[in-house]
Amino acid sequence: MTATISYDDVEVGTELPARTFPVSRATLVRYAGASGDFNPIHWNEKFAKEVGLPDVIAHGMFTMAEAIRVVTDWAGDPGAVAEYGVRFTKPVVVPDDETGALIEVSAKVAAKLDDDDRTVRVDLTAMSAGQKVLGMSRAVVRLA
């Protein structure tokens, strides 16, 4: 695959389409099985509260993966992401109800980095329950 967005068509400040990702307890159990991360803070409410958390929380790597989907969907190719990093600032708390939690992600092109490599830096904002859950969330993306 190749990125479908052309470097020449992108300007600093270009906003990527925002997305909202629902997270339920069932989502966390499926992610735990796929990742092998069965830490009980991600599925056992009693344990999570005993260790000082408000409730079960989503895996940090799951949150990070959901957020980058905004970039990969926009670029048209997951392989276009050359670098990606975040700081985990707040947990995504996932209540045991019919709603669960929402991760709301927005992103914009913050810089054109290299005309020869056709790379841009995309800054992401990830929020849940009104709190920023990822800080310094940035991706370097190689465009067409």
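These are my notebook entries on one protein structure, which is a predicted model.

**Entry 1: overall layout**

I began with the secondary structure and found three helices and five strands in the protein. Reading from the N terminus, I noted the order of the elements as β-α-α-α-β-β-β-β. I then looked up the extent of the chain, and the C-alpha atoms fill a box of roughly 55 × 30 × 25 Å when it is taken along the principal axes. Of the 144 residues in the protein, 39% are buried. For contacts between residues at least 6 apart in sequence, I recorded that 67% join residues at least 24 apart.

**Entry 2: surface and charges**

The protein exposes about 7,700 Å², and I noted that carbon and sulfur atoms supply 51% of that area. I also looked up the charges, of which 15 are positive and 21 negative, and the mean positions of the two sets are 4 Å apart.

**Entry 3: the aromatic pair**

How many aromatic pairs does the protein have? The count came to one aromatic pair. Its members are Tyr31 and Phe62, with ring centres 5.4 Å apart and planes at 65°, and because planes over 60 degrees apart count as edge-to-face, I entered the pair under that heading. Tyr31 belongs to helix α1 (residues 25–35) and Phe62 to helix α3 (residues 60–75), so the pair ties together parts that are 31 residues apart in sequence. I checked the exposure of both partners: Tyr31 is partly exposed, with a relative accessible area of 22%, whereas Phe62 is buried, at 8%.

**Entry 4: Thr63 in helix α3**

I stayed in helix α3 to look at Thr63, which lies in that helix. Is Thr63 buried or exposed? Thr63 has a relative accessibility of 3% and therefore counts as buried, the cut-off being under 20%. Not counting residues up to four places away in sequence, Thr63 touches Ala58, Val92, Ile103, Val133 and Leu134. I note that Ile103 falls within strand β3, which spans 101–114, and that Val133 and Leu134 fall within β5, which spans 131–142.

**Entry 5: Val120 and the ring of Tyr7**

Val120 has its place in strand β4 (residues 119–128), and I found this residue buried, with a relative accessible area of 0%. Leaving aside neighbours within four places in sequence, I listed its contacts as Tyr7, Val109, Ala111, Lys112, Leu113, Ala139, Val140, Val141 and Leu143. Two of these residues, Tyr7 and Lys112, came up again when I looked for charges over rings: Lys112 lies over the face of Tyr7, at 4.2 Å from the ring centre. I also looked up Val120 against Val81, and the two are 39 residues apart in sequence and 9.8 Å apart in space, C-alpha to C-alpha.

**Entry 6: two positive phi values**

Most residues other than glycine have a negative phi, so I set the exceptions apart for a separate look. Arg118 has a positive phi of about 60° although it is not a glycine, and its place is in the loop between β3 and β4. With a relative accessible area of 24%, Arg118 is partly exposed. Ala129 also has a positive phi, near 55°, and is likewise a residue other than glycine. I placed Ala129 in the loop between β4 and β5. Where Arg118 is partly exposed, Ala129 counts as exposed, at 79% relative accessibility.

Technical notes:
Residues are numbered from 1 along each chain as its sequence is written. This is a predicted model: local features need pLDDT of at least 70, side-chain atom pairs count only at pLDDT 80 or more; totals for chains, interfaces and linings use all residues. Side-chain values use heavy atoms; hydrogens and water are left out. Helices (H or I, at least four residues) and strands (E, at least two) are DSSP runs, numbered from the N terminus. Buried means under 20% relative accessible area, exposed over 50%, partly exposed in between (1.4 Å probe, protein chains only). Contact means heavy atoms within 4.5 Å. Accessible areas come from the Shrake-Rupley method with a 1.4 Å probe; for residues, only the protein chains shown count as cover. Lys and Arg count as positive and Asp and Glu as negative; His and the chain ends are not counted. The place of a charge is taken as NZ of Lys, CZ of Arg, CG of Asp or CD of Glu. Rings of Phe, Tyr and Trp (its six-membered ring) pair if their centres lie within 6.5 Å; planes under 30 degrees apart count as stacked, over 60 as edge-to-face and the rest as tilted. A charge sits over a ring if NZ of Lys or CZ of Arg is within 6 Å of the ring centre and within 35 degrees of the ring normal.
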